[in-house]
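Subject: Structure handover and findings

Hello,

I am passing on the structure we talked about. Please look through it alongside the notes underneath.

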Amino acid sequence: MRPLKGNSALLQDYEAYILLEKGLSANTAAAYINDVSHLIGYVERNNLQFDNIRPEDLHSFLAIVHDLGISPRSQNRLLSGIRSFFKFLRLEGYIEEDPSELIESPHLGRDLPEVLSVEEIDALIAAIPSDKDESLRNRAIIETLYGSGLRVSELIDARISRLDLQENLIIVEGKGSKQRIVPISPLASELIAQYLSFRRFLDVKPEGNDIIFLNRRGRPLTRQMIFIIIRDLAAMAGITKTVSPHTLRHSFATHLLEGGANLRAIQEMLGHESISTTELYLHLDRSRLRRELLDHHPHFKKKSAPGKLQ
């Protein structure tokens, strides 16, 4: 085994490892470094060394974390960082055995996300006034969010140059600056095309030139503005659930599963790095997951918008 460096030097080497070799995002790397720093503090206070630390020591550390009232989800994230650190120590030859391998993850209760029914989605869209300048834009936004499962950050950054209305596709940039191709419904494509015709009459500012959805002053919309649009529409539709842009994303995934779509296809559509993230939606009948993604979304079956909003 290699002789151990000091804890500060180990932490610096580990940070370089997860950023350069593992390619983790800056935010994830910062979270892992913070988690390992907590463990280092515990190790130093108890006069331990990483080359002789035991599973019992890690259990004691996690017991302290639990007693602080940290949620199981946050405990799991902390444990993920610690496991990554011990994997690094083993790869670098500082330890022979990984004590974190025997540590069980805290049980996570499945807190299912709020989901709208298809009828509530339709009510949300029906609540959009037909006599306002932003009416067509807002309808296109709702249909795009619900018809593609985009994150709100992906929606506000959606580009005209990455949009193919003929093929009903858009390229979006998700977490970690990773791009993916996402199908959009023919109905959403039609509404976007109508909106783009209207958009030409706006005084578009330079920062909004390639952005699909703009405010009335020709600038890109913000996350907060999308949240307010959806919240106000939910109130007008008489929906009492807590509704946000993410609710439409959850509803998109749930309705696809209810229709029989394949979980792997939904994972790709949502841009989930891990299938375990997508499995949050598996409170539904697993036996019905048979067909491909685009055959099962309720709004993909709507061929055209019932009347153009002006």
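The notes below cover the helix packing, then the sheet, then the salt bridges. Please keep in mind that this is a predicted model.

Helix packing

Two packed helices are described by the angle between their axes and the distance between the axes, and I use that description for three pairs here.

Start with α1 (residues 7–21) and α2 (residues 26–45). Their axes come within 10 Å and cross at roughly 155 degrees. Angles over 145 degrees count as roughly antiparallel, and α1 and α2 are therefore roughly antiparallel to each other. The crossing of α1 past α2 is right-handed. On the α1 side the contact is made by Asn7, Leu11, Tyr14, Glu15, Ile18 and Leu19. On the α2 side, Ala26, Ala29, Tyr32, Ile33, Val36, Ser37, Ile40 and Glu44 take part. By class, the residues of this contact between α1 and α2 are ten nonpolar, two polar and two charged.

Helix α6 (residues 135–148) appears in the other two pairs, with α8 and with α9.

For α6 and α8 (residues 186–199), the axes come within 9 Å and the crossing angle is roughly 150 degrees. That angle makes α6 roughly antiparallel to α8. The crossing of α6 past α8 is left-handed. From α6, the contact uses Leu136, Arg137, Arg139, Ala140, Glu143 and Thr144. From α8, it uses Leu187, Ala188, Leu191, Ile192, Gln194 and Tyr195. The contact of α6 with α8 comprises seven nonpolar, two polar and three charged residues.

For α6 and α9 (residues 223–236), the packing angle is about 95 degrees and the axes are 11 Å apart. The two helices are therefore roughly perpendicular to each other. In this contact Arg137, Asn138, Ile141, Ile142 and Leu145 of α6 meet Ile226, Ile229, Ile230 and Leu233 of α9. The residues of the contact of α6 with α9 divide into seven nonpolar, one polar and one charged. Note that Arg137 is listed in the contact with α8 and again in the contact with α9.

The sheet

Three strands form an open, antiparallel sheet, in the order β1-β2-β3. Strands β1 (163–164) and β3 (179–183) stand at the edges with a single partner strand each, so one side of each has no neighbour in the sheet.

The pairing of β1 with β2 (residues 169–173) is antiparallel and runs over two bridges. In this pairing, leucine 163 stands opposite isoleucine 170 of β2.

β2 and β3 also pair in the antiparallel sense, over five bridges. Here valine 172 has arginine 180 in β3 as its bridge partner. The two strands form a hairpin with five residues between them. Glycine 176, in the turn, has a positive phi of about 70 degrees.

Salt bridges

How many salt bridges does the structure hold? The count is 13. Side chains of opposite charge can pair when their charged atoms come close. One salt bridge joins glutamate 101 to arginine 90, and the closest N and O atoms are 3.2 Å apart. This pair links distant parts of the chain, with the two residues eleven apart. Arginine 90 is in helix α4 (72–91), while glutamate 101 lies in the loop between α4 and α5 (118–126).

Regards

Key:
Residues are numbered from 1 along each chain as its sequence is written. This is a predicted model: local features need pLDDT of at least 70, side-chain atom pairs count only at pLDDT 80 or more; totals for chains, interfaces and linings use all residues. Side-chain values use heavy atoms; hydrogens and water are left out. Two strands pair if DSSP finds at least two bridges between them. Helices (H or I, at least four residues) and strands (E, at least two) are DSSP runs, numbered from the N terminus. Axes are lines fitted to C-alpha atoms, for helices over the stretch in contact, and angles run from 0 to 180 degrees between N-to-C directions. Angles under 35 degrees count as roughly parallel, over 145 as roughly antiparallel, 65 to 115 as roughly perpendicular and the rest as oblique. A crossing is left-handed if the near helix is turned anticlockwise from the far one by less than a right angle, and right-handed if clockwise. Contact means heavy atoms within 4.5 Å. Ala, Val, Leu, Ile, Met, Phe, Trp, Tyr, Cys and Pro count as nonpolar, Asp, Glu, Lys and Arg as charged, and the others, Gly among them, as polar. A salt bridge is a side-chain nitrogen of Lys or Arg within 4 Å of a carboxyl oxygen of Asp or Glu.
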